Amino acid sequence: MTIKDINKTYQAFDASITDVDCGKKCAPHNEGGVPFCCDARHAIPTLYDFEWAILQNQTTLWREWKCEDPDLTPEEQAEETRQLQEETPDSMVLAVCKGVEFCERENRSFTCRQFPFFPYLDSQGTLLGITYYWDYEDVCWVVSNLSRVTDEYRSEMIAFYEKLFEEIPEEKANYQYHSERMRDVFNERRKAIPLLHRNGHGYKISTHNERMRRFDLEKCEKFGVYKITDDLLFDDEF
């Protein structure tokens, strides 16, 4: 992709994920008051090689990630860095930004824009919609408030991945595998997979036969501290 292509794609995938600033919802529950998705202790962004190269030319926001955990020795930090870099696909770079207070919205990575969601594909490889990374259920406010995700965001993310799958077919295979992994995990939990379908509705997907049934996103399950705080809200609070 050229610089023009990247910036055009960024502009087409720029909708607000919810109708409120979700970072302000989760930040009070994270050490240091930083949104979980902007905290490298919880989530390290991966940037495509072409994306990394272009962002390096147009901003100083990003730098290559290296473990800087103060609880580890320099040798342990180096080993942690090496291990995570080995687990990162060759076409991607582990990176970290300057911090949420220095965020340049127009220069956010694709990973920043999609978090906490990923494109969900059924076993036949059909892109049905988006669902969330289950590892972040307890910390991400959005996962506990799926009804607040905007239709514009949902449609922009799906359109982005449709284009990406055409450009980079192996990415479709990667996400099909990840969707399969989610079916295995939720099957072990004996839970259905929540889906924000491309048609604008919410569905739950059976892990046994992949059948879908409509469900009200307002009734989505809440996790962690958000389940506790939701129980304490008055009727006129959001």
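In which helix does Glu 79 lie? Glu 79 lies in helix α4. The structure described in this report is a predicted model, and helix α4 is a convenient place to begin.

**Helix α4 and its surroundings**

Helix α4 covers residues 74-87, and Glu 87 is found in it. Glu 79 is partly exposed, with a relative accessible area of 32%. Its C-alpha atom is separated by 8.7 Å from that of Cys 67, a residue 12 places away along the chain. Glu 87, for its part, has a relative accessibility of 59%, and because the cut-off for an exposed residue is over 50%, Glu 87 counts as exposed.

Glu 87 also belongs to a patch of negative charge on the surface. The other members of this patch are Asp 69, Asp 71, Glu 75, Glu 76 and Glu 80.

**Helix α6**

Helix α6 consists of 17 residues, numbered 151-167. From its first C-alpha to its last, helix α6 reaches 25 Å, which is close to the 24 Å expected at 1.5 Å a residue.

Which residues of α6 are buried? They are Tyr 153, Arg 154, Glu 156, Met 157, Ile 158, Phe 160, Tyr 161, Leu 164 and Phe 165. In reading such a list, it is useful to recall that an α-helix has 3.6 residues a turn, so residues three or four places apart point the same way. Among the buried residues of α6 are Met 157, Tyr 161 and Leu 164. The charged residues Arg 154 and Glu 156 are also included in the buried set.

**Salt bridges**

A search of the whole structure finds 14 salt bridges. Three of them are set out in the table below.

| Pair | Closest N to O distance |
|---|---|
| Arg 41 and Glu 31 | 3.4 Å |
| Arg 41 and Asp 39 | 2.5 Å |
| Arg 189 and Glu 137 | 3.1 Å |

Arg 41 appears in the table with Glu 31, the side chains of the two residues meeting in a salt bridge. Both Arg 41 and Glu 31 lie in the loop between α2 (22-26) and β1 (46-48), 10 residues apart. Arg 41 is exposed, with a relative accessible area of 53%. Glu 31 is likewise exposed, at 61%. Arg 41 also forms a salt bridge with Asp 39. Asp 39, by contrast, has a relative accessible area of 7% and is buried.

Where do the partners Arg 189 and Glu 137 lie? Arg 189 is in helix α7 (residues 169-189), while Glu 137 is in the loop between β5 (127-132) and α6, so their salt bridge ties together parts that are 52 residues apart in sequence. Arg 189 counts as partly exposed, at 32% relative accessibility, whereas Glu 137 is buried, with a relative accessible area of 7%. Elsewhere, Asp 14, Arg 105, Arg 108 and Arg 113 are joined into one network by salt bridges that share partners.

**Features of the backbone in loops**

Several loops of the model contain backbone features that deserve attention. The peptide bond from Phe 115 to Pro 116 is cis, with omega near 10 degrees. Pro 116 lies in the loop between α5 (110-114) and β4 (117-121).

Arg 190 has a positive phi of about 60 degrees, although it is not a glycine. Arg 190 is placed in the loop between α7 and β6 (193-197). Is Arg 190 buried or exposed? At 79% relative accessibility, Arg 190 counts as exposed.

Glu 210, which is not a glycine either, has a positive phi of about 65 degrees. Its place is in the loop between β7 (202-205) and β8 (212-214). Glu 210 counts as partly exposed, at 23% relative accessibility.

Finally, Gly 99 lies in the loop between β3 (92-97) and α5. Gly 99 has a relative accessible area of 13%, and because a residue is counted as buried under 20%, Gly 99 is buried. The C-alpha atoms of Gly 99 and Cys 112 are separated by 12 Å, and the two residues are 13 residues apart along the chain.

How values were computed
Residues numbered from 1 in each chain as written. Predicted model: local features only at pLDDT ≥ 70, side-chain atom pairs only at ≥ 80, totals over all residues. Heavy atoms only, no water. Patch = residues over 30% accessible without salt bridge, like charges linked within 9 Å, V, L, I, M, F, W, Y side chains within 5 Å. Areas by Shrake-Rupley, 256 points an atom, 1.4 Å probe, with all protein chains shown as cover. Salt bridge = Lys/Arg side-chain N within 4 Å of Asp/Glu carboxyl O. Lys, Arg positive; Asp, Glu negative; His and termini not counted. Charge placed at Lys NZ, Arg CZ, Asp CG, Glu CD. Helix = DSSP H or I, 4+ residues; strand = E, 2+ residues; numbered from the N terminus. Buried < 20%, exposed > 50% of the residue type's maximum accessible area, 1.4 Å probe, protein only. Expected span 1.5 Å × (residues − 1).
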